[in-house]
Amino acid sequence: MEISDLTRAIAAATSVAASLDLPADDAIVLHNSNKLALRLMPCDVFARIAPVGHEVSQFEVELAERLAGVGYLVAALEPRVDPLVYTRDGFAVTLWTYYEPVTPQVSPDDFAKALERLHAGMREVEVDVPSPRFTDRVAEAEAIVANPDLSPELADADRVFLGSTLGSLRRAIEDRGAVEQLLHGEPHPGNVLSTKHGPLFIDLETCCRGPVEFDLAHVPEAVCEHYPNVDQGLLDECRQLVLAMVAAWRWDIGDEFPDGKRFGEEFLRLLREGPPWPTLDAAARRLDGL
């Protein structure tokens, strides 16, 4: 968020907390891009804030409740208040339990086991959870690429290349006819916490239906090596698709991802280079090394 929006968003979150008898005299920014994540103190609550109309907070809250009800590995909503989406000054605010990190990152084996358990839990609740298909997320990326008003800095040749790549990969993955189920949508390392309760997944707004390889395309290679029965050909296509989707989002005129344009340029270059397709973490490390 821009500084002006950031200040208003923090004020909205602290105001919501105070109205619920959660003392919040201080707010520590944990993450700031299109959405804001805060640690509110001294109540020690994790708050997620997004502009109203640019979030699916109600879906995230309902899904978190269902998954917690069957004992699966997601961060819990803040137990001292009602599990609701609170709106204030044009922002949607959701309140969650804050977990102190135990280690900087989750081991690949534990990560894979946790993701496998999350997928099992999602199969239990998916009948009652209307959710988009992964192709809907691809369509959102395609819409950004196709509309110069949404991606004005994207060069014409790159626009044609990226649009063609997104469309052909979507069709190729669909043509495989793989079993689909409810997925996290973006289970990259930034969305899994190492806690004393074990690994816990956060940020369920991106949940969608698709093959498990679509989720695995977001995780490090070492995690995939511990996940059972992976279709390597499908995983390769999903990795390429995820690179193309992330590239599209970085060219969105409204994108606020830090250093987003540089990521967009690098991911386009990786797509043009061809296989082997890097994992997202490997691509990010490569960019940091440039």
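**Entry 1: the cores.** I began with the largest nonpolar core of this predicted model, which has 72 residues, and looked up the members that touch the most others: Leu63, Leu162, Leu166, Phe214, Leu241 and Phe267. I then asked which element gives the most to this core, and found that H8 does, with twelve residues. Apart from this core lies another, of 21 residues, and I noted Ala12, Val16, Ala47 and Phe91 among them. As background, I wrote down that nonpolar side chains in soluble globular proteins tend to be buried together.

**Entry 2: Leu241.** I listed the contacts of Leu241, leaving aside its neighbours within four places in sequence, and found Phe134, Val138, Leu166, Leu169, Ile173 and Phe214.

**Entry 3: helix H4.** Two of those partners, Phe134 and Val138, are also among the buried residues of H4, so I turned to that helix next. Helix H4 takes in residues 134-146, 13 in number, and reaches 19 Å from its first C-alpha to its last, close to the 18 Å expected at 1.5 Å a residue. Its buried residues are Phe134, Thr135, Arg137, Val138, Ala141, Glu142, Ile144 and Val145. Because they cover an arc of only 170° around the axis, they sit on the same side of H4. When I looked for what covers these buried residues, I found, among others, helix H5 (156-175), strand S9 (208-210), helix H6 (212-216) and helix H8 (232-250).

**Entry 4: helix H3.** I made the same check on helix H3 (residues 108-125), whose 18 residues reach 26 Å from first C-alpha to last, close to the 26 Å expected at 1.5 Å a residue. The buried residues of H3 are Phe111, Ala112, Ala114, Leu115, Leu118, His119, Gly121, Met122 and Val125, and what covers them includes H2, strand S6 (181-183), strand S7 (192-195), strand S8 (198-201), H6 and helix H7 (221-224).

**Entry 5: the sheet.** I traced an open sheet of five strands in the order S1-S2-S3-S5-S4, with antiparallel pairing. Which strands are at the edges? They are strand S1 (24-32) and strand S4 (86-88), each of which pairs on one side only, and the twist averages 30° from one strand to the next. Within the sheet, strand S3 (residues 45-51) and strand S5 (residues 91-97) pair in the antiparallel sense over seven bridges, and I found Ile49 opposite Val93 in S5.

**Entry 6: helices on the sheet.** Helix H1 (residues 3-19) lies across S1, strand S2 (36-42), S3, S4 and S5, and runs at about 45° to S2. Helix H2 (residues 57-69) also packs on the sheet, where it touches S3 and S5, and its direction makes about 20° with that of S5.

Definitions and conventions
Residues numbered from 1 in each chain as written. Predicted model: local features only at pLDDT ≥ 70, side-chain atom pairs only at ≥ 80, totals over all residues. Heavy atoms only, no water. Helix = DSSP H or I, 4+ residues; strand = E, 2+ residues; numbered from the N terminus. Expected span 1.5 Å × (residues − 1). Buried < 20%, exposed > 50% of the residue type's maximum accessible area, 1.4 Å probe, protein only. Arc of directions from axis to C-beta. Contact = heavy atoms within 4.5 Å. Core = buried A, V, L, I, M, F, W, Y, C linked by side-chain atoms within 4.5 Å. Pairing = 2+ DSSP bridges. Axes fitted to C-alpha atoms, helices over the stretch in contact; angles between N-to-C directions.
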